[in-house]
Structure formats: structure tokens, C-alpha cells
Amino acid sequence: MSESPQNDDHEQTDAFEEMVDAETRRDPDLAVIEAGSRTLRAQAGPPQGDVPARPEDPETDRALRAVEEELAGRWGETKLDPSVQRIEALLDILGSPHRAYPAIHITGTNGKTSTARMIEALLGAFDLRTGRYTSPHVQSVTERISLDGAPISAERFIETYRDIAPYVEMVDAQQEYRLSFFEVLTAMAYAAFADAPVDIAVVEVGMGGTWDATNVIDGDVAVITPIALDHTDRLGDTPEKIAVEKSGIIKKDATVVLAQQPVEAASVMLKRAVEVDATVAREGMEFGVLSREVAVGGQMLTLRGLGGEYPEIFLPLYGAHQAHNAAVALAAVEAFFGIGSAHARSLDIDTIRRAFASVASPGRMEVVRRSPTVVLDAAHNPAGARAAADGVTEAFGFSRLVGVVGASDDKDVRGFLEAFEPVFAEVVITRNSSHRAMDPDALAAVAVEVFGSERVQVEPRLDDALEAAITLAEEEGEYSGAGVLVTGSVITVGEARLLLGRG
């Protein structure tokens, strides 16, 4: 990428600042994102994926923003009160919509959203109407609630909120604390699923398990993806302590699908399963990945499920961690259908292949630009960073990889950066627009200790960071095989996705 003349840079900066100023008066949290970089958008090509853009109709857009502002005025997702009392009170007034359908409930530290998307695809392939609730969102809050594999429309999101708003106000008036952002969204999801109606809900916890707002639901199948250290100030500072909280989603007579876990975490979950007479299926024992090899656009798998082997499954996602997520998702769906207990058979292999081939997981090892290749991954803790580092190395084999990192201030950023140190030739430190974003100078200070000053560049504004990283990747020439990985936070990835024209 050639550099623009200095006066052009100045004009572009002025124009950008004017757009930011105008947008700030409308919606501060989206200002920098939506002001964007026209240059980056033009290079990226047409939008892709199932991440919804802003509504085109101005009236609908205004109504959606009004709902977003009301939700944003409540407790954020990171401020928790260890109680399900408020959400239970609200759902009781709403007529217990969460009791209208069976559910697969998912917790863990990493891989929850991708696993939920795979489960949703599998169930949909068997002609079941699905509702999926996941968090956080990549770009639009409407992503969190999906029906039949697609995000709920802005119109339906607004209608659902308006339907429950009077009851939310009633509960607010009765409780010590108002319902939180996440509690209201959870109630909206459960109400939307009942109204659809869905045949089954696929529900991802927000944080933890026992006291999470989603845990008012009784999952027929409880899925626990790999546990690692994250949110240690709220969930505990050891895998064992975190497992105690997350095992709270295991309900009486449920089937528990356990991904590979640290021994101390697995023992906690197995103990909980015994206490509530739950059946356990363990990765590496009752199911797992038999083989995997890199393929164009993803990987080819042979999975062992609860009902037998499933060969020649193409998964259009990168990394060994996604293969393991696929094994967990398959076992969860088999368990829901009673395979391995009530039925000694396997699911139709052609349906399974078709379902996995259709899976997408925006912001998870997602390619959003070519020449040079730009990959987005929402890793935000050391375990996720290690998986992303392994995945990008295996799938792309870049001759040189430049990182763009914007992290939240409550994360183990040193451990995160250390995981990427062997694979990043240089790293561009930046920040996203969230109030939780780590100050780029503070993050850069840690990065310098990990990478050395000569490998660290600071660009506080995300569009500048993307431009800088792309320029660094292009320094080796058009055919060098260099690439860019944007990571550190779901918010960073979502904003980069918008800047690169994927929204």
C-alpha cells in the first residue's frame, strides 16, 4: 500500500474527525465504528456472512437505537449480582416462555458460540425449528437471538422488546436492583422462541453457569466446552473453582456432553453429574475426533459420535479447536435424539455432512480480505490465543504475520500476548470503542516486554491500526504470503469487520 501525500492524509483525518463528531452526537458507542475508513471498505469487497447491518429504513433504525439505548442504560454484562431472582420474576409474569420447548444449554470458557452454531446447523438439517441465543455479539445486538439459523430481524427485535417492556418495568419496581442488560435480553430471547414457536432452543450462558440469567432453563442436554482461566475475579482463579460455577447448568436427568477438560475441572463436573443423576458423555472416551486434515477453505474430519463413526465431514472453519467443537456439537445433538442411550444407531451421514458444510462463525478465524490476507479471530484469553495461533499457523502458513491487538482491561493480556509472540513478526497495538477497552499505551507497555520495542507499533485508532498492519504485511511484496490477524476482543473484531466492509 503506497502512502498518500501528507495533505491528503490531513484532509482524510479532518473528514474522519467530522464524521466521528457527527456520529458521537447520535450514538457515542458506534461513532468510530460507523465513521469507518472508506479506503479499507473499498479494498475489502462485498459484505459476507450472517451478521446483520443497520436497518435501511430510517424509522426502524431509530426505533432499534431507542431500544439499544434503553438496554445500554441498565447494568452491563460484566456487572453481576449472583441471583436469578429477577429473571425468574420476569419470566413468571410472562407466563414462563422458557418452559415451552426443550433446550441444549452450553457453558465453558472458549468455543461456546461456534459450538452453538454447529448444534443449530445440525438440528436445522433434521428439520427442527431452532432458536439460538449467544453472546456477545460481533456487530449488532440482534445477532444474539436467532430463529431458524438467522438473526432475528430488527423489526422483530423491537416488537419483542416492546411486548415485554411493561413487565420489565413491573419487575424493576419490585426488586432491589433493576433487571440488567443481559437479563432483559435473555427474557426477550425466551419470549421470541416461545412466540415463534421453536422446536428446540440452543442457549449459551453469558458468564459462568449457576447464577447466569440463562440458567432458569432446564437443558435436556448440558454442554461444557473447554474450561480455562477467564473472568477470574468473578468465577474463581483455578479451573476447579470455575468448574463449580459452570457445572450449575447440569440439571437432574440431563445428559452432559463434556469437552476435554483439565483433570480438576472434570472431577467437579462428574461429581455434579452423579449428584443429579445426569448421564455423562466425555470427549476422548464416548466421542471425539478420529482424524482431521487441512482442506481448502477448512478441514476434513472423521468424528466418532455416540452412535458410531462419521467420516468425510467437511468443516469450513479453521483450527484443531473447531474440530473438537464439531465433535462436541455432534455428540450434543445425538444425545438430544437419544442416541447412545435410548437408540443404538447413528444419524444420517449425508444430513450430518450437509449441516457441517453450512456452518459459519463470524469473527472466528474469518478471512475478510485478500492480498494481503486479513483474518479476524475473537480470542480474548490465553487459551483462546493459543488455539488461534496454532490455527492460523496450520491453515495459512503465512511467511510473515502481523498482529492487530485491542484488548479489554480486565484480561490477562500478558498471557494473551505471550501466546502470539512466536507467530507475530510485528504487532500493532490499538483499542476498540468500548469503555472497557485497555488503554493502548498500557497495552503497548506489556507488548514491548513480550515482543521487544522494535516489533511493537501503537495506533490508538483502529482504522489507523488496520492500515498500518496492512502496510507492514505488504512490505515484502505482492506475492510474499504475508498476512494480518486482528484479535484481542469480540468488540475489536466486530469493529474491524465493519471497517473492512463486512457489515
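This report looks at one helix with two packing partners, and then at a cavity, in a predicted model.

**Helix α6 and its partners**

Let's start with helix α6, which covers residues 112–125. Here is how it meets helix α13 and helix α12:

| Partner of α6 | Residues of partner | Crossing angle | Axes |
|---|---|---|---|
| α13 | 349–357 | roughly 135 degrees | within 8 Å |
| α12 | 320–336 | about 45 degrees | 9 Å apart |

Angles that are not roughly parallel, antiparallel or perpendicular count as oblique, so α6 and α13 are oblique to each other. α6 and α12 are therefore oblique to each other too. As for handedness, α6 and α13 cross in a right-handed way, and the crossing of α6 and α12 is right-handed as well.

So who touches whom? With α12, the α6 side uses S114, T115, M118, I119, L122 and L123, while α12 brings residues including Q322, N325, V328 and F336. That contact has eleven nonpolar residues, four polar ones and no charged ones.

Over at the crossing of α6 and α13, which is right-handed, α6 offers M118, A121, L122 and A125, and these meet T351, I352, R354, A355 and F356 of α13. Here the split is seven nonpolar, one polar and one charged.

**The cavity**

Now for some empty space. How many cavities of 30 Å³ or more does a search of the whole structure find? Just one turns up. The largest cavity holds about 90 Å³ of space. Its lining includes T113 and R117, along with R132, H137, E143 and R364. Sorted by class, the lining has five charged, four polar and three nonpolar residues.

Key:
Residues are numbered from 1 along each chain as its sequence is written. This is a predicted model: local features need pLDDT of at least 70, side-chain atom pairs count only at pLDDT 80 or more; totals for chains, interfaces and linings use all residues. Side-chain values use heavy atoms; hydrogens and water are left out. On a 1 Å grid over the protein atoms alone, a cavity is a set of points where a 1.4 Å probe fits but cannot get out, and a pocket is an open set with protein on both sides within 12 Å along at least five of seven lines; lining residues have an atom within 4 Å of a point. Grid points are joined across faces, edges and corners, and a volume is the space filled by probe spheres set on the points. Ala, Val, Leu, Ile, Met, Phe, Trp, Tyr, Cys and Pro count as nonpolar, Asp, Glu, Lys and Arg as charged, and the others, Gly among them, as polar. Axes are lines fitted to C-alpha atoms, for helices over the stretch in contact, and angles run from 0 to 180 degrees between N-to-C directions. Helices (H or I, at least four residues) and strands (E, at least two) are DSSP runs, numbered from the N terminus. Angles under 35 degrees count as roughly parallel, over 145 as roughly antiparallel, 65 to 115 as roughly perpendicular and the rest as oblique. A crossing is left-handed if the near helix is turned anticlockwise from the far one by less than a right angle, and right-handed if clockwise. Contact means heavy atoms within 4.5 Å.
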